Amino acid sequence: MAQGRGPVHRHRASVYKGAVLPALTEFWHLSGRLCGKRLVPFLQRIIPFLEIRGQLDLAPAVRGLLLHMSPATCDRLLQDVRTKEEPWEHPHPRPGM
């Protein structure tokens, strides 16, 4: 009788690498460090606006990835940046501290 094996986990290649993280980090700073849920709609409005005004020149691949990024992916990519720049656990102090 053969023993059942657990699920096979295959690592997928990362789609978001290269110039995507620096651009995302810059937009995160411009937005006032929004969470992914609010940052994604901000990106979808600010990128075309800045391009029309001639203030932004993104590579087409980076532009496409930023405009189609999910909030969860955005939060996951910014996780290391947040821990470096915001080392405290709570963004606001608790009452009485």
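Where does R33 lie? R33 sits in the loop between α1 and α2; the views below start with the whole chain and return to that loop later.

**View 1. The whole chain, a predicted model.** Residues are numbered from 1 along each chain as its sequence is written, and side-chain values use heavy atoms, with hydrogens and water left out. In this predicted model, local features need pLDDT of at least 70 and side-chain atom pairs count only at pLDDT 80 or more, while totals for chains, interfaces and linings use all residues. The chain has four helices and zero strands. Helices (H or I, at least four residues) and strands (E, at least two) are DSSP runs, numbered from the N terminus. The order from the N terminus is α-α-α-α. Of the 97 residues, 24% count as buried. Buried means under 20% relative accessible area, exposed over 50%, and partly exposed in between (1.4 Å probe, protein chains only). A contact means heavy atoms within 4.5 Å. Among contacts between residues at least 6 apart in sequence, 65% join residues at least 24 apart.

**View 2. The largest nonpolar core.** A nonpolar core is a set of buried Ala, Val, Leu, Ile, Met, Phe, Trp, Tyr and Cys residues joined through side-chain atoms within 4.5 Å. The largest one holds 18 residues, and L24, F27, L39, I47, L58, L66 and C74 touch the most other members. At least two residues of this core come from each of α1 (20-30), α2 (36-52), α3 (60-67) and α4 (71-85). F27 contacts L39, F42, L43, I46, I47, L50, L56, L58 and L66, leaving aside neighbours within four places in sequence.

**View 3. The buried residues of α1.** V20, A23, L24, T25, F27 and W28 are the buried residues of this helix. They pack against α2, α3 and α4. A23 lies in α1 and is buried, with a relative accessible area of 14%. Its contacts beyond four places in sequence are L58, V62 and L66. A23 and V62 are 39 residues apart in sequence, yet their C-alpha atoms are 8.3 Å apart.

**View 4. W28 and its surroundings.** W28 is also placed in helix α1. Why does W28 count as buried? W28 counts as buried because its relative accessibility is 0%. Leaving aside neighbours within four places in sequence, W28 is in contact with R33, L34, L39, L78, V81, R82, E85 and E86. W28 and V81 are 53 residues apart in sequence; C-alpha to C-alpha, they are 10.0 Å apart.

**View 5. Positive phi at G32 and R33.** G32 comes just after α1 and takes a positive phi of about 85°. R33 has a phi near 60°, a positive value in a residue other than glycine. Most residues other than glycine have a negative phi. R33 counts as partly exposed, at 35% relative accessibility.

**View 6. R63 in helix α3.** R63 is partly exposed, with a relative accessible area of 28%. Not counting residues up to four places away in sequence, R63 touches I47, P48, E51 and L58. R63 and P48 are 15 residues apart in sequence and 9.5 Å apart in space, C-alpha to C-alpha.

**View 7. The cysteines C35 and C74.** A disulfide is a pair of cysteine sulfur atoms within 2.5 Å. A search of the whole structure finds zero disulfides. C35 is in none; the nearest cysteine sulfur, in C74, is 8.7 Å away. That distance is too far for a bond, so the sulfur of C74 is not joined to that of C35. C35 is partly exposed at 31% relative accessibility, whereas C74 is buried at 0%.

**View 8. The largest pocket.** This pocket contains about 190 Å³ of space. On a 1 Å grid over the protein atoms alone, a pocket is an open set of points where a 1.4 Å probe fits, with protein on both sides within 12 Å along at least five of seven lines; lining residues have an atom within 4 Å of a point. Grid points are joined across faces, edges and corners, and the volume is the space filled by probe spheres set on the points. The lining consists of R12, A13, S14, V15, Y16, T73, R76 and L77. It divides into four nonpolar, two polar and two charged residues. Here Ala, Val, Leu, Ile, Met, Phe, Trp, Tyr, Cys and Pro count as nonpolar, Asp, Glu, Lys and Arg as charged, and the others, Gly among them, as polar.
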